[in-house]
Amino acid sequence: MKRTTTFIALLALIIISSQFTFAQEMGRKFKMEGNDPVVLSINQTLSESTEITPFSQNVNKVFGLSVTAQIHFLDESGLVRFILVDKNHEEFLIYESYPLKDGDLEVSVNEICEETALLKNDVKVNSVKIEIEQAEVTLNSISYTRNLGQGINLDQSVSEIKKAQLQEKVKQLNNNIQEKGKSWVAGITNVSELSWSERKRLFGNSKFPAGFEFYAGGVFSTSTSEQLKSATASPYVDEWDWRNRHGKNWISPIKNQSTCGSCWARSLRHAR
């Protein structure tokens with residue numbers, strides 16, 4: 001009996017330790033850079049998309065910006081985005097949350113950020129947009145840093161942060177995709193590597209389920225009423241790969257059509 005109790009206690013300690021390590025790792029990848037942090041208390045509960053201007057007139061340049069919030073998703077199709085808008089109307093993704101990535105309908109974020117982890121010198125803050133779909137958000141605070149340490153290579157640091165964040169999001173997505181029994185695989189793609197503003201221009205007025213930019217293979221359903229099943233689930237074959245079917249590769253190479261704006265439609269048609 002004592003051995004069993006000791007084993008359970010040890011197992012619990014290992015789980016808690018691994019969760020703490022994971023939280024630390026997440027914090028490093030999604031932590032704002034810079035010095036002299038300022039915390040703006042917001043404490044607003046929102047159920048519809050809105051835009052706020054929490055910055056005083058004397059706030060100009062910031063080098064990092066993060067949010068602290070609690071998110072309650074009404075269902076699996078929910079989506080919340082926090083977006084920084086500068087005085088040139090350029091947009092930067094502060095943070096994006098949805099159940100498939102964050103793994104739950106209840107999500108807490110604490111001073112977390114994505115593109116705004118490290119901002120260039122010419123970003124002058126203006127407002128923050130909160131985009132809400134099938135969710136309720138309590139925005140507790142917005143934090144920002146006013147100075148940057150010496151000897152930081154901005155371009156290199158921004159690139160390294162972006163890469164680490166993409167890798168972490170792909171890892172989270174694939175874990176949750178597998179748990180939820182979905183039929184596609186996430187990966188770093190040409191689209192996911194674009195900035196938020198670039199993705200927005202590429203998609204135009206078209207709307208896709210959250211996580212679409214990470215689609216790397218399998219069957220991605222754009223329908224909320226029907227979950228498509230992968231061809232590999234067929235009871236008649238053990239596996240199916242169009243790259244080697246009857247001795248022929250039926251897959252055409254991926255073509256980046258830059259500012260075409262409609263290349264996604266042809267890709268999606270073939271994927272379905």
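This is a short tour of a predicted model, with a selection to make at each stop.

**The whole chain**

Start with everything shown as a cartoon. The protein has 5 helices and 10 strands. Colour by burial next: of its 272 residues, 38% count as buried. If you like contact maps, look at the pairs with a separation of 6 or more, where residues 24 or more positions apart account for 77% of the contacts.

**Thr116**

Now select Thr116, in the loop between β6 (106-112) and β7 (125-133). Is Thr116 buried or exposed? Thr116 counts as buried because its relative accessibility is 0%. Which residues does Thr116 touch, leaving aside those up to four places away in sequence? Show Phe63, Gly64 and Leu65, then Leu84, and then Phe92, Leu93 and Ile94. For a distance label, pick the C-alpha atoms of Thr116 and Ile83: the two are 33 residues apart in sequence and 9.0 Å apart in space.

**The cavity**

Keep Leu93 on screen, as this contact of Thr116 also lines the largest cavity. A probe the size of a water molecule, rolled over the atoms, shows where empty space is left. Searching the whole structure this way gives 1 cavity of 30 Å³ or more, and the volume of the largest cavity is about 80 Å³.

To see the rest of the lining, add Glu114, Glu115, Lys162, Gln165, Leu166, Lys169, Ser192, Arg199, Glu213 and Phe214. Which helix gives the largest share of this lining? Select helix α3 (residues 154-179), which supplies 4 residues. Colouring by class, you will find 6 charged residues in the lining, along with 3 nonpolar and 2 polar ones.

**Helix α4**

Arg199 is one of the lining residues, and it also leads to the next stop, being one of the buried residues of helix α4 (residues 196-203). The other buried residues to show in α4 are Trp196, Ser197, Leu202 and Phe203. Step just past the end of α4 to Gly204, whose phi is positive, at about 60 degrees.

**Aromatic rings**

Go back to Phe203, buried in α4, and add Phe208 and Phe212: these three form one aromatic cluster. Across the whole structure, the search finds 6 aromatic pairs.

For the last selection, show Tyr98 and Lys101 as sticks. What sits over the ring of Tyr98? The charged end of Lys101 does, 5.9 Å from the ring centre.

Methods: Residues are numbered from 1 along each chain as its sequence is written. This is a predicted model: local features need pLDDT of at least 70, side-chain atom pairs count only at pLDDT 80 or more; totals for chains, interfaces and linings use all residues. Side-chain values use heavy atoms; hydrogens and water are left out. On a 1 Å grid over the protein atoms alone, a cavity is a set of points where a 1.4 Å probe fits but cannot get out, and a pocket is an open set with protein on both sides within 12 Å along at least five of seven lines; lining residues have an atom within 4 Å of a point. Grid points are joined across faces, edges and corners, and a volume is the space filled by probe spheres set on the points. Helices (H or I, at least four residues) and strands (E, at least two) are DSSP runs, numbered from the N terminus. Ala, Val, Leu, Ile, Met, Phe, Trp, Tyr, Cys and Pro count as nonpolar, Asp, Glu, Lys and Arg as charged, and the others, Gly among them, as polar. Rings of Phe, Tyr and Trp (its six-membered ring) pair if their centres lie within 6.5 Å; planes under 30 degrees apart count as stacked, over 60 as edge-to-face and the rest as tilted. A charge sits over a ring if NZ of Lys or CZ of Arg is within 6 Å of the ring centre and within 35 degrees of the ring normal. Buried means under 20% relative accessible area, exposed over 50%, partly exposed in between (1.4 Å probe, protein chains only). Contact means heavy atoms within 4.5 Å.
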